[in-house]
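Subject: Structure handover

Hello,

Here is the structure I promised. Please open it next to this message and follow along.

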Amino acid sequence: MNTIGMVAVGPVDPPLVKAIGEHLSRTFHLPVTILEPAPEPVFAYDERRGQYSSVLVLRSLLERAHPAMARILGVTAKDLFIPMLSFVLGQAQLNGRVAVISLARLQQQFYGFPPDPELLRARAIKEAVHEVGHTFGLTHCANVRCPMSLSNNVQHVDTKGPVLCTACTTVFNEQFDHWRAGDGPPGAAG
Ligand SMILES: [Zn+2]
Ligand SMILES: [Zn+2]
């Protein structure tokens with residue numbers, strides 16, 4: 001069966017992972033399987049930057065991806081980077097199998113405010129839809145209310161909603177129909 005696998009990379013609140021999974025399942029019409037948490041991604045730590053390499057975390061997720069899983073999403077509390085940017089809220093292989101989101105900058109504590117678990121959950125859900133959406137071939141959306149619009153900061157994450165816009169839904173449904181017709185999930189070879 002095709003499912004979306006989810007894995008906490010390092011310590012993450014289990015109810016938060018579950019809430020993200022429920023929303024992903026509704027959005028992408030696939031069951032979600034929550035895997036055993038992965039250990040702290042020490043292999044991805046960059047001492048000079050004090051952050052974790054998003055690319056190395058994605059690579060480690062691929063190793064965990066069971067063939068029955070169409071997609072796998074990692075959720076980590078670590079702050080992620082790619083070489084050209086000071087940070088990323090998440091990363092995905094476009095039309096690939098793996099994606100990751102970082103909770104670090106979605107937490108109010110990061111900005112010196114008291115923790116707000118509900119706000120964190122709302123933000124994490126939007127970023128999870130965004131990154132998993134990329135794995136299903138969705139690209140950045142010009143609709144600022146759509147979770148597929150690009151967020152470079154948390155203010156913008158708060159502007160958008162958790163539900164795909166009509167245009168993105170249409171693109172996803174087309175991909176999904178091809179998939180069910182037997183073509184297999186787009187780009188999910190290997
Ligand atoms: Zn994006
Ligand atoms: Zn959209």
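What share of the 190 residues in the protein is buried? The figure is 39%. Keep in mind that this is a predicted model.

**Overall**

The protein has five helices and eight strands. Read along the sequence, they follow the pattern β-α-β-β-β-α-β-β-β-β-α-α-α. The C-alpha atoms fill a box of roughly 50 × 35 × 35 Å along the principal axes. A compact globule of 190 residues would have a radius of gyration near 16 Å, and the protein has 16 Å, so the two agree. Take the contacts with a separation of 6 or more: residues 24 or more positions apart account for 64% of them.

**Strands S1, S2, S5 and S8**

Start with S1, residues 3-9. Six of its seven residues are buried. S1 runs parallel to S2, and three bridges join them. Met6 has Ile34 in S2 as its bridge partner. S1 also pairs with S5 (residues 69-76), again in the parallel sense, over seven bridges. There, Val7 stands opposite Gly74.

S5 is mostly covered, with eight of its eight residues buried. Five bridges link S5 to S8 (residues 98-102), and these two strands run parallel. Gly74 appears here too: its bridge partner in S8 is Val100.

Strands of a sheet pair through backbone hydrogen bonds, either parallel or antiparallel.

**The open sheet**

Three further strands form an open sheet in the order S3-S4-S6, with mixed pairing. S3 (45-46) and S6 (80-81) are the edge strands, each pairing on one side only. S4 covers residues 51-53 and pairs with S6 in the parallel sense over two bridges. Tyr52 has Leu80 in S6 as its bridge partner. Helix H2 (residues 54-64) lies across S4 and S6. H2 runs at about 50° to S4.

**Helix H1**

How far apart are the end C-alpha atoms of H1? They are 21 Å apart. H1 has 15 residues (14-28), and at 1.5 Å a residue the helix should span 21 Å, so the model agrees with the expected span.

The buried residues of H1 are Val17, Ile20, Gly21, His23, Leu24, Thr27 and Phe28. An α-helix has 3.6 residues a turn, so residues three or four places apart point the same way. The buried residues of H1 pack against S1, S2 (32-34), S5 and helix H3 (117-135). His29 follows H1, and its phi is positive, near 55°.

**The core**

Which residues touch the most other members of the largest nonpolar core? They are Ile4, Leu73, Val75, Ala128 and Val132, out of 46 residues in that core. S1, H1, H2, S5, S6, S8 and H3 each give two or more residues to this core.

Look at Ala128 in particular. Leaving aside residues up to four places away in sequence, Ala128 touches Ile20, Leu24, Leu73 and Ile101. Ile20 and Leu24 are among the buried residues of H1. In soluble globular proteins, nonpolar side chains tend to be buried together.

**Where to look**

For a quick tour, begin at Gly74, which stands opposite Val7 and has Val100 as its bridge partner in S8. Then go to Ala128 and its contacts, including Leu73. Finish at Tyr52 and its partner Leu80 in S6.

Best wishes

Note on methods
Residues are numbered from 1 along each chain as its sequence is written. Chains are lettered from A and ligands numbered from 1 in the order in which they are written. This is a predicted model: local features need pLDDT of at least 70, side-chain atom pairs count only at pLDDT 80 or more; totals for chains, interfaces and linings use all residues. Two strands pair if DSSP finds at least two bridges between them. Helices (H or I, at least four residues) and strands (E, at least two) are DSSP runs, numbered from the N terminus. Two residues are in contact if their C-beta atoms, placed from the backbone, lie within 7 Å. Axes are lines fitted to C-alpha atoms, for helices over the stretch in contact, and angles run from 0 to 180 degrees between N-to-C directions. A residue is buried if 20 or more other C-beta atoms lie within 10 Å of its own, exposed if 12 or fewer, and partly exposed in between; C-beta atoms are placed from the backbone. The expected span of a helix is 1.5 Å times one less than its number of residues. A nonpolar core is a set of buried Ala, Val, Leu, Ile, Met, Phe, Trp, Tyr and Cys residues joined through C-beta atoms within 7 Å. The radius of gyration is taken over C-alpha atoms; the globule rule is 2.2 Å times the number of residues to the power 0.38.
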